[in-house]
Amino acid sequence: MERLLRVVPLYAAAVALVASGCSARADKSNATETNSGEPTPFAELADVCEPRMAQALQAWEDEGVTASITVQGGERECSVGLGTADRETGSAVTAQTAFSVGSITKAVTAAGILKLADEGLVNIDDPVGDHVTGLTGDVNDATLRHLLLHTSGLTGYHGEDHIAMSAEEATDAISKLSMLNEPGTTYSYTNSGYTLLALVIESVTDQGYRQYLQDEILLDGDGRRIGGFWDGEPAVSDPRSFGYFSDGRQGESGDFDGPHWAMDGNGGIAMTTLDMAAWTRALFSGQILSEEATTQLTSIKKNLGDGETELPGWGQRDPKQFGETAILASGGGGQIGHHMDVAWLPDTDRVMVIATSAHTPNTREFGYFLSQALLTGTGVPTPPTIPEPDASLMADLVGTYQVGDDPQDRIEIAVDDNDDRGLRVTATGPNTIPLFAGPSDGFEGEIELHETNVARFLAGETSEGQRYLEGLEAERGPLVDTEILATVVADVPVTYVLLTFDEDTDVALIELNRQGGSEGLGFGYPSEWFVSDEEGNFTPYRAIKAEAKPLQIRPGPTDQTLKIENPTGVTTAQRVD
């Protein structure tokens with residue numbers, strides 16, 4: 001699950017979209033017709049949203065974006081779906097299609113704790129160990145307030161999302177996690193802290209965590225139950241949008257039987273964007289919690305600096321960034337393949353929700369390009385233009401090329417299966433990975449921090465790192481050496497590491513958050529979608545708008561060679577297929 005406020009550009013899009021994008025909806029019957037499950041024709045899309053915005057959104061849909069967008073409040077409302085919810089059936093996404101909300105689950109868990117405190121069943125300054133039987137270690141003394149604001153000192157993860165874990169197993173695993181510092185000292189985002197809060201709800205209520213949220217918290221302003229869980233019961237209502245990754249794999253579809261205590265509290269809830277918008281408004285307008293508990297949503301806080309404030313399950317940005325106070329939450333990552341963002345603007349009683357469900361290059365860039373254009377006042381953008389490639393040039397480039405003298409260091413190039421306007425370029429040897437890296441404007445500090453955290457992780461200085469190393473050596477034998485090869489930045493930094501065992505070697509890819517907790521671990525090499533630029537070179541799609549291209553490929557001086565250029569220089573590779 002993602003760090004709250006991590007994807008700043010998409011939040012920016014949220015606020016700007018709410019402020020300037022959509023037209024009034026006088027004919028409410030038309031909204032029902034639009035959400036019928038059929039693909040939205042432009043005429044209907046333009047009726048739901050301001051025509052220029054509708055035209056831009058349709059262009060993104062034409063480029064493969066799958067999303068649901070709901071904007072409510074004030075004089076302007078907009079609710080639309082883009083793309084396909086289920087590739088097998090061809091069903092369309094609407095604003096009534098359910099998505100996993102990821103870490104926005106924390107906002108729901110936090111509301112549950114505040115309600116229990118209001119009812120006198122807990123006190124937010126109680127040590128968590130008073131309510132969770134079997135919890136041991138230093139985290140035992142962290143208070144519910146500390147857990148709500150990510151100041152408990154916990155670091156690391158207690159379990160993998162879709163691996164069965166009981167409440168007792170979760171409690172034991174959290175007890176063994178490392179502590180960065182004493183509870184209440186500093187901010188450190190943690191999923192496991194919110195699982196502890198869910199265990200508190202499990203302990204002090206008759207219904208247990210999941211049913212308590214469904215009965216008492218997952219309600220709209222009329223008291224109607226909304227949402228549910230992606231996996232297990234009580235389940236979110238169909239229809240659902242399935243997530244898809246860049247290699248075409250479908251994400252977890254909701255049939256994991258559990259137990260779900262690796263995710264409960266920190267992730268797992270699912271909603272439509274319409275329901276998320278309704279829930280957010282009901283929450284902050286005092287229709288779910290008492291007046292006092294609703295006030296605590298914003299009075300319990302931790303100042304993070306630079307205009308950011310941590311709230312229970314939410315983050316707040318001050319007016320200087322967006323022109324008015326914005327309360328924000330974000331969720332995604334993991335194995336489901338969804339991402340959702342919600343922005344609440346209390347000064348003007350407005351809410352925006354964006355959910356996406358396909359990890360294509362266009363979907364990844366959707367929020368970025370949208371936010372940049374809206375914040376600079378240039379209106380809702382259409383997707384970046386991909387120059388029509390030279391088919392014969394693409395055919396000439398397809399093949400396998402050796403880089404240097406080591407036969408394992410190769411670059412494989414093929415026409416991309418998902419979009420034949422580009423090439424799939426994959427590294428297949430340790431010494432080819434640095435070619436994909438290169439300096440990334442604005443990310444130098446992030447890369448340095450990430451590689452420092454990776455070094456600590458591989459040295460076993462964190463509890464997660466220790467478990468990772470133990471698992472590796474149990475399967476592969478003693479780990480003799482580790483070498484950081486390069487860090488590639490697409491959406492976030494991913495560091496590639498050469499692992500040397502007694503009998504073989506392998507390349508690991510490691511994605512950590514800023515606190516050193518794992519966001520993604522695996523094995524393999526960089527593989528990206530390259531598209532033609534204006535000069536006829538091929539460059540990663542993520543860099544199509546960048547002034548300095550991180551990597552370019554083009555034919556070499558002979559038909560048996562390939563030129564690979566990044567900011568550190570030019571490399572010539574020799575065709576070997």
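Here are some friendly notes on a predicted model, taken point by point.

1. Let's begin with the small sheet. It is open and has 3 strands, in the order β5-β7-β6, with antiparallel pairing. The strands β5 (99–100) and β6 (228–229) stand at the edges, and each has a single partner strand, so one side of each is left without a neighbour in the sheet.

2. A closer look at one pairing may help when you inspect the backbone. β6 and β7 run antiparallel and are joined by 2 bridges. Across this pair, phenylalanine 229 is found opposite isoleucine 269 in β7.

3. Is methionine 271 buried or exposed? Its relative accessible area is 0%, and because buried means under 20%, methionine 271 counts as buried. This residue lies in strand β7 (residues 269–271). Leaving aside residues up to four places away in sequence, methionine 271 touches Thr97, Ala98, Phe99, Val101, Leu218, Gly227, Val236, Met276, Trp279 and Met340. For one of these, valine 236, the C-alpha to C-alpha distance from methionine 271 is 6.7 Å, with their positions 35 residues apart in sequence.

4. Now for the charged pairs, where the count comes to 16 salt bridges. One of them joins aspartate 215 to arginine 225, with the closest N and O atoms 2.6 Å apart. This pair links distant parts of the chain: aspartate 215 belongs to helix α9 (residues 209–217), while arginine 225 sits in the loop between α9 and β6, 10 residues apart.

5. Arginine 224 deserves its own point. Its side chain meets that of aspartate 220 in a salt bridge, at 2.9 Å from N to O. What is the exposure of each partner? Arginine 224 is partly exposed at 43% relative accessibility, whereas aspartate 220 is buried at 7%. A network of salt bridges links Asp220, Arg224 and Asp275.

6. A further salt bridge pairs arginine 456 with glutamate 461, and here the closest N and O atoms are 3.3 Å apart. Arginine 456 is partly exposed, with a relative accessible area of 27%. Glutamate 461 is also partly exposed, at 49% relative accessibility.

7. Last comes helix α17 (residues 463–476), which offers a handy geometry check. With 14 residues at 1.5 Å a residue, α17 should span 20 Å, and its end C-alpha atoms are 20 Å apart, which agrees. The buried residues in α17 include Ser463, Glu464, Gly465, Tyr468, Leu469 and Leu472. In general, an α-helix has 3.6 residues a turn, so residues three or four places apart point the same way. Just after α17, glycine 477 adopts a positive phi of about 95 degrees.

Methods: Residues are numbered from 1 along each chain as its sequence is written. This is a predicted model: local features need pLDDT of at least 70, side-chain atom pairs count only at pLDDT 80 or more; totals for chains, interfaces and linings use all residues. Side-chain values use heavy atoms; hydrogens and water are left out. Helices (H or I, at least four residues) and strands (E, at least two) are DSSP runs, numbered from the N terminus. Buried means under 20% relative accessible area, exposed over 50%, partly exposed in between (1.4 Å probe, protein chains only). Contact means heavy atoms within 4.5 Å. Two strands pair if DSSP finds at least two bridges between them. The expected span of a helix is 1.5 Å times one less than its number of residues. A salt bridge is a side-chain nitrogen of Lys or Arg within 4 Å of a carboxyl oxygen of Asp or Glu.
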